[in-house]
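Student: I would like to go through this structure with some questions. Please keep the answers short and reasoned.

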Amino acid sequence: MAAGIVRQVADLDGGYEPWWTRRSPRFRRNVSQAGRRAEEVGLEVTDASHDPQVFDRILAVERRSWKGREETGITSPEMLVTYREMTARLQARGRLRVLVARLGGADVGYIMGGVRAGIYRGLQLSYAREAAELSVGHLLQHHQLRALCQTGEAGTYDLGMDLEYKARWADRA
């Protein structure tokens with residue numbers, strides 16, 4: 001680890017159940033309730049990793065998010081080119097992992113990251129403001145984690161920089 005850089009990391013060795021049981025009862029209850037609410041309204045999460053239009057779909061969601069309004073996410077002029085090229089490269093190498101949340105036939109959220117050498121590195125997660133009350137971010141994080149455990153392709157989920165909300169998903173900093 002580079003000096004001064006702290007990241008949150010979830011340990012996925014052993015699969016989903018060991019990771020899930022290390023979460024607090026309150027966390028598990030909240031995620032489960034959010035899943036039931038999403039199911040009731042018809043929210044679906046689909047794998048868009050191989051969709052040739054995935055970056056355009058991500059941008060459309062990002063523009064309807066708080067990050068897009070403030071230009072602090074991938075729509076910011078400084079980040080747009082970087083993320084477009086990174087997404088294309090990861091996809092060409094088969095390392096891109098993108099899940100998209102859909103509601104009423106429209107994309108309302110996404111989670112994007114890449115896999116390499118047994119590590120999934122989360123890159124961006126965002127959701128449209130009209131879906132905020134559905135805990136889309138948490139649901140996408142949960143679905144991505146489960147998918148990684150099911151495929152066994154990552155024993156480590158690097159959530160990125162140390163932010164308070166990420167600590168609930170992580171096992172260590």
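Student: Which residue in β6 is the bridge partner of R7?

Tutor: This is a predicted model, and the pairing is read from its coordinates. Strand β1 covers residues 7-11 and runs antiparallel to β6, with five bridges joining the two. In that pairing, the residue of β6 that partners R7 is M161.

Student: In what order do the strands of the open sheet lie, and which are the edge strands?

Tutor: Six strands form the open sheet, with mixed pairing. The order is β1-β6-β5-β4-β3-β2. An edge strand pairs on one side only, and that holds for β1 and β2 (44-47).

Student: By how many degrees are neighbouring strands of this sheet turned against each other on average?

Tutor: The sheet has six strands in mixed pairing. With direction ignored, the average turn between neighbouring strands is 25 degrees.

Student: In which sense do β5 and β6 pair, and what is the hand of the β-α-β unit they make with α6?

Tutor: Three bridges link β5 and β6, and I119 stands opposite T156 of β6. The sense of this pairing is parallel. Together with α6, the two strands make a β-α-β unit that is right-handed.

Student: In which sense do β3 and β4 pair, and which residue of β4 stands opposite V98?

Tutor: β3 and β4 share eight bridges and pair in the antiparallel sense. Opposite V98, in β4, stands M112.

Student: Which strands does helix α5 touch, and what angle does its direction make with that of β5?

Tutor: Helix α5, residues 77-92, packs on the sheet. The strands touched by α5 are β3, β4 and β5. Between the directions of α5 and β5 the angle is about 135 degrees.

Student: How far apart should the ends of α6 be at 1.5 Å a residue?

Tutor: α6 has 16 residues, and the span is taken as 1.5 Å times one less than that number. The end C-alpha atoms of α6 are 22 Å apart, which agrees with the expected span of 22 Å.

Student: Which residues touch the most other members of the largest nonpolar core, and which element gives the largest share?

Tutor: In soluble globular proteins, nonpolar side chains tend to be buried together. Here the largest nonpolar core has 30 residues, and L12, W19 and Y157 touch the most other members. Elements giving two or more residues include α1 (16-21), α2 (25-41) and β6 (156-161). The largest share, six residues, comes from α6.

Student: How many residues are in the second, separate core?

Tutor: This second core is separate from the largest one and includes A48, F55, Y83 and V100. Its number of residues is 14.

Student: Which residues of α6 does W19 touch?

Tutor: Residues up to four places away in sequence are not counted here. The contacts of W19 include A10, D11, L12, F27, W169 and D171. α6 covers residues 136-151. Within that range, W19 touches H142 and L145.

Student: Is A117 buried or exposed, and what is its phi?

Tutor: A117 is found in the loop between β4 and β5. Its relative accessible area is 75%, over the 50% cut-off, so A117 is exposed. Most residues other than glycine have a negative phi. A117 is not a glycine, yet its phi is positive, at about 50 degrees.

Student: What is the phi of S135, in the loop between β5 and α6?

Tutor: S135 is a residue other than glycine, and its phi is positive. Just after α6, G152 also takes a positive phi, of about 70 degrees. For S135, phi is near 55 degrees.

Notes: Residues numbered from 1 in each chain as written. Predicted model: local features only at pLDDT ≥ 70, side-chain atom pairs only at ≥ 80, totals over all residues. Heavy atoms only, no water. Core = buried A, V, L, I, M, F, W, Y, C linked by side-chain atoms within 4.5 Å. Buried < 20%, exposed > 50% of the residue type's maximum accessible area, 1.4 Å probe, protein only. Helix = DSSP H or I, 4+ residues; strand = E, 2+ residues; numbered from the N terminus. Contact = heavy atoms within 4.5 Å. Pairing = 2+ DSSP bridges. Right-handed = clockwise from strand over helix to strand, strands pointing away. Axes fitted to C-alpha atoms, helices over the stretch in contact; angles between N-to-C directions.
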